[in-house]
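Here is a short briefing to read alongside the coordinates. Please keep the viewer open as you go through the points.

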Amino acid sequence: MLEPADRRYGPAPLPQPRGPLSAAVAGALRRPPHDLPAGLGADLDPADPLADEDLQLTLFLCYELHYRGWRGVDEGWEWQPTLLALRARAERPFEAALRRLGAPPPLPPGGVASGLAELVAADDGPPLAATLQRRADLAQFREFVAHRSVYHLREADPHSWALPRLGGPAKAALVEIQTDEYGNGRLDRMHAELFRRTLDRLGLDTGYGAYLDAVPAVTLATNNVMSLFGLHRRLRGALLGHLAAFEMTSSVPNRRYGNGLRRLGLDEVATRFYDEHVEADAVHEQIAVHDLCGGLVRVEPALAGDVLFGAAAALAVDRLFAVHLLGSWAAGRSSLRARTALTVSLPATVSAAAGPLAGVA
Ligand SMILES: [Fe+2]
Ligand SMILES: [Fe+2]
């Protein structure tokens, strides 16, 4: 069920607003670039920025202008000064919440590599990967994949923002990792394209941003944290720390995800994305810790704390994501905002190929 190219690669249609601020921004974006009302968002003071649907969607609306843009939205909005000012107002409580949640420990004597290892070792997130491996049913697995599609269909893009901001060994290390993520320049091996096949095999919508309306604030936050770090040069250390934490906590969970899909009867086309990451990320972990983050800190020692902050923030937001999914499922609820979002009609050829998925909503 592959999509026409514009649906497949974006831009996505504007999502539905989730409150007054995202409604004002989405409404403005439908018109040619113009100044937003003075003071819009000036009273922004969300109690829980990471769980605030209106704030997270507002940030996502602003950030996406720097990726694929939005369907039907004038590209001139990307650098519209009053929209950038509003984004800065929305980023303040978001970044403050991340700094509270992801406050890194002091740099240990072993340096940034030891600091990253200690953070990951101390990570006590709930067992989302083990649940998907052993117990989740197909509907729950599809929910998980729908949540992750927001990121995986543009996998690696946020960390690429670091490339022009680095030189020397750290840049070479990032290029080495990103080259793998982008399939060494082969479309069919790009990780985003491998994930598209997983979506397709699960009977899910393979369109870019197809599940934006379905995913809650915490899922948007896992994406927004990468965009925040990626779009601010001052946060380049945090961006690299974020990538290191990703790679350090990827290999084992991806083995579990693949095994979970096999338990549910899915074939190797569906599991390929996860299988690919088992070995690739075991290698990426070493590059990210020693060559990327280590390389950066050797040149800019003052950024060591930022590297650990980025890693701690990545782990903390991912922990909230896992808590949300497992909590929803334990309560017998969908983890998505709209369960109907996963109901897709499969063409006959795909239904036949999908085998065990036929008829699953
Ligand atoms: Fe990847
Ligand atoms: Fe990787």
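The notes below cover the metal site, the internal cavities and the confidence of the model.

This is a predicted model, with a mean pLDDT of 92 over the chain. Two places are worth a visit: the site where Glu-181 bridges the iron ion (ligand 2) and the iron ion (ligand 1), and the two cavities of 30 Å³ or more that turn up in a search of the whole structure.

**The iron site**

- Which residues hold the iron ion (ligand 2)? Its coordination comes from Glu-181 (OE), Glu-247 (OE), Glu-247 (OE), Asp-281 (OD) and His-284 (ND1), at 2.1 to 2.5 Å; Glu-247 is listed with two OE entries.
- Along the chain, the donors of the iron ion (ligand 2) show the spacing E-x65-E-x33-D-x2-H.
- Glu-181 also reaches the other metal: this residue bridges the iron ion (ligand 2) and the iron ion (ligand 1), and the two ions lie 4.1 Å apart.
- Asp-281 and His-284 both belong to helix α14 (residues 268-299), and because they are three residues apart there, about one helical turn separates them.
- Buried or exposed, what are Asp-281 and His-284? Asp-281 is buried, and His-284 is buried as well.

**The largest cavity**

- The volume of the largest cavity is about 50 Å³.
- Its lining is made up of Ala-12, Phe-60, Glu-64, Trp-70, Ser-149, Val-150, Arg-154, Tyr-208, Gly-209 and Leu-212.
- Two helices, α3 (53-64) and α7 (138-152), each contribute at least two residues to the lining of the largest cavity.
- By type, the lining of the largest cavity splits into six nonpolar, two polar and two charged residues.

**The second largest cavity**

- At about 30 Å³, the second largest cavity is lined by Cys-62, Leu-65, Trp-77, Glu-78, Gln-80, Leu-83, Leu-84 and Arg-87.
- Which helix gives the most to the lining of the second largest cavity? That is helix α4 (residues 81-101), with three residues.
- The lining of the second largest cavity holds five nonpolar residues, one polar and two charged.

**Confidence**

- In this chain, 93% of the residues reach a pLDDT of 70 or more.
- Where does pLDDT stay under 50? It does so over residues 345-361, a stretch for which the model has 22 contacts beyond four places in sequence.

Note on methods
Residues are numbered from 1 along each chain as its sequence is written. Chains are lettered from A and ligands numbered from 1 in the order in which they are written. This is a predicted model: local features need pLDDT of at least 70, side-chain atom pairs count only at pLDDT 80 or more; totals for chains, interfaces and linings use all residues. Side-chain values use heavy atoms; hydrogens and water are left out. Donors are N, O and S atoms within 2.8 Å of the metal (3.2 Å for Na, K and Ca); water is not among the atoms, so sites may look incomplete. Helices (H or I, at least four residues) and strands (E, at least two) are DSSP runs, numbered from the N terminus. Buried means under 20% relative accessible area, exposed over 50%, partly exposed in between (1.4 Å probe, protein chains only). On a 1 Å grid over the protein atoms alone, a cavity is a set of points where a 1.4 Å probe fits but cannot get out, and a pocket is an open set with protein on both sides within 12 Å along at least five of seven lines; lining residues have an atom within 4 Å of a point. Grid points are joined across faces, edges and corners, and a volume is the space filled by probe spheres set on the points. Ala, Val, Leu, Ile, Met, Phe, Trp, Tyr, Cys and Pro count as nonpolar, Asp, Glu, Lys and Arg as charged, and the others, Gly among them, as polar. pLDDT is the predictor's confidence in each residue, from 0 to 100. Contact means heavy atoms within 4.5 Å.
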